[in-house]
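Trainee: Could you take one part of this model and go through it closely? I would like the strand pairing, the residues around it and the charged pairs in one connected account.

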Amino acid sequence: CHRLDLDHRIAYVRPHKVDYYTSVADYTDIQVVGGTLAFPERRAEGRAVPSSSVVSARAIVTQRWFGYNSFRKGSGICFDSAELFLPDLQYETIASYIRVPHWSRQKLREEGLPWREGLHGACHALLNIVPLHVMCGRNDLGTQCDNPYDTRYRPERILVFDKHPGGVGLSTRVGSMFQELLERALELVSECPCIGEAGCPACIQYTGCVEYNSVIHKGASIRILECTVQEEKDVHGPLDGD
């Protein structure tokens, strides 16, 4: 890249053969602003009860790029790092999320499973299952992805947001069927025959992950999905027809 036009968000580049590739160091913050139940109530035994604890809300998405690393092709050895000083990209959209039960942290700790990697993978599993139930493309929805250098606090939630400024209603649609989608995501990951900790593109790897699927763990993802699904059933009851 020999010139950046930040006003118009254009990078001018020249073709050149190199023996390395680069990986950006960045993060995306999703700040939820307010919110309401995505699917407020249903009838059960003649009374109205909450259908789910899922919340749909306005959210402010902030993307920040603070550097990149250069890696040799073949060996993957990092030989250079550089800082970036670019303006943040920020926009308002709509997000839907569900809280992961706090007690699941202790459960994973007892089993020797990583929390952050499991939560990241669980979010990916949800994104992978959504297109089978909601008409959307892989670039329409996003989640909060972790990078290996991030040490900030990670909210205990499984979240999806519209990647289009202002929102187009997709995350709200997902919110209305969140519990069902979580169960389908759990089935997807549990039944996937891959054996690696990092899973595969059929379960917890997501092609749209801005962090290149670098912080995920299949076993931990399964446990987090199990705990969240069980908490929803214990508090709100099973899905109609279960």
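Mentor: What follows starts from one strand, moves to its partners, and then turns to the charged pairs. The model is predicted, and every value below is computed from it.

Take strand E8, residues 89-99, as the starting point. On one side, E8 is joined to strand E6, residues 55-72, by nine bridges, and the two run antiparallel. Within this pairing, Val61 stands opposite Tyr91 of E8. E8 also pairs with strand E10, residues 157-162, through five bridges, again in antiparallel fashion. There, Arg99 has Arg157 in E10 as its bridge partner.

Ser96 is a residue of E8. With a relative accessible area of 0%, Ser96 is buried, because the limit for that class is under 20%. Setting aside residues up to four places away in sequence, Ser96 touches a list of residues that includes Val55 and Ser56, Ile158, Leu159 and Val160, and also Gly175 and Phe178. Ser171 is another of these contacts. A polar atom of the Ser96 side chain lies 2.7 Å from the backbone oxygen of Ser171.

Val61, already met opposite Tyr91, leads on to Thr28. Thr28 sits in strand E3, which spans residues 20-37. Leaving aside its neighbours within four places in sequence, Thr28 is in contact with Val61, Thr62, Gln63 and Gln144. Its relative accessibility is 9%, so Thr28 counts as buried.

Tyr20 is also in E3. Unlike the buried Thr28, Tyr20 counts as partly exposed, at 31% relative accessibility. Beyond four places in sequence, Tyr20 touches Ser70, Phe71, Arg72, Lys73 and Phe79. The C-alpha atoms of Tyr20 and Gly76 are 8.5 Å apart, although 56 residues separate the two along the chain. Together with Val18 and Phe79, Tyr20 makes a nonpolar surface patch of about 220 Å².

Arg72, one of the contacts of Tyr20, takes the account to the charged pairs. Side chains of opposite charge can pair when their charged atoms come close. Arg72 forms a salt bridge with Asp19, and the closest N and O atoms are 3.0 Å apart. Arg72 lies in E6 and Asp19 in the loop between strand E2 (10-12) and E3, so this pair ties together parts 53 residues apart in sequence. Both ends are partly exposed: Arg72 has a relative accessible area of 31%, and Asp19 has 45%.

The model has 11 salt bridges in total. Another of them joins Lys107 to Glu111, with the closest N and O atoms 3.6 Å apart. Lys107 is partly exposed at 32% relative accessibility, and Glu111 is partly exposed at 36%. These two residues also belong to a network of salt bridges that links Lys107, Glu111, Arg223 and Glu226.

A further salt bridge is formed by the side chains of Arg184 and Glu183, at 3.8 Å from N to O. Here the two ends fall into separate classes: Arg184 is partly exposed, with a relative accessible area of 24%, whereas Glu183 counts as buried at 9%.

How values were computed: Residues are numbered from 1 along each chain as its sequence is written. This is a predicted model: local features need pLDDT of at least 70, side-chain atom pairs count only at pLDDT 80 or more; totals for chains, interfaces and linings use all residues. Side-chain values use heavy atoms; hydrogens and water are left out. Two strands pair if DSSP finds at least two bridges between them. Helices (H or I, at least four residues) and strands (E, at least two) are DSSP runs, numbered from the N terminus. Patches are made of residues with over 30% relative accessible area and no salt bridge: like charges are joined within 9 Å, nonpolar side chains (Val, Leu, Ile, Met, Phe, Trp, Tyr) within 5 Å. Accessible areas come from the Shrake-Rupley method with a 1.4 Å probe; for residues, only the protein chains shown count as cover. A salt bridge is a side-chain nitrogen of Lys or Arg within 4 Å of a carboxyl oxygen of Asp or Glu. Buried means under 20% relative accessible area, exposed over 50%, partly exposed in between (1.4 Å probe, protein chains only). A polar contact is a pair of N or O atoms within 3.5 Å; within protein, one must be able to donate a hydrogen and the other to accept it, and residues adjacent in sequence count only if both atoms are side-chain atoms. Contact means heavy atoms within 4.5 Å.
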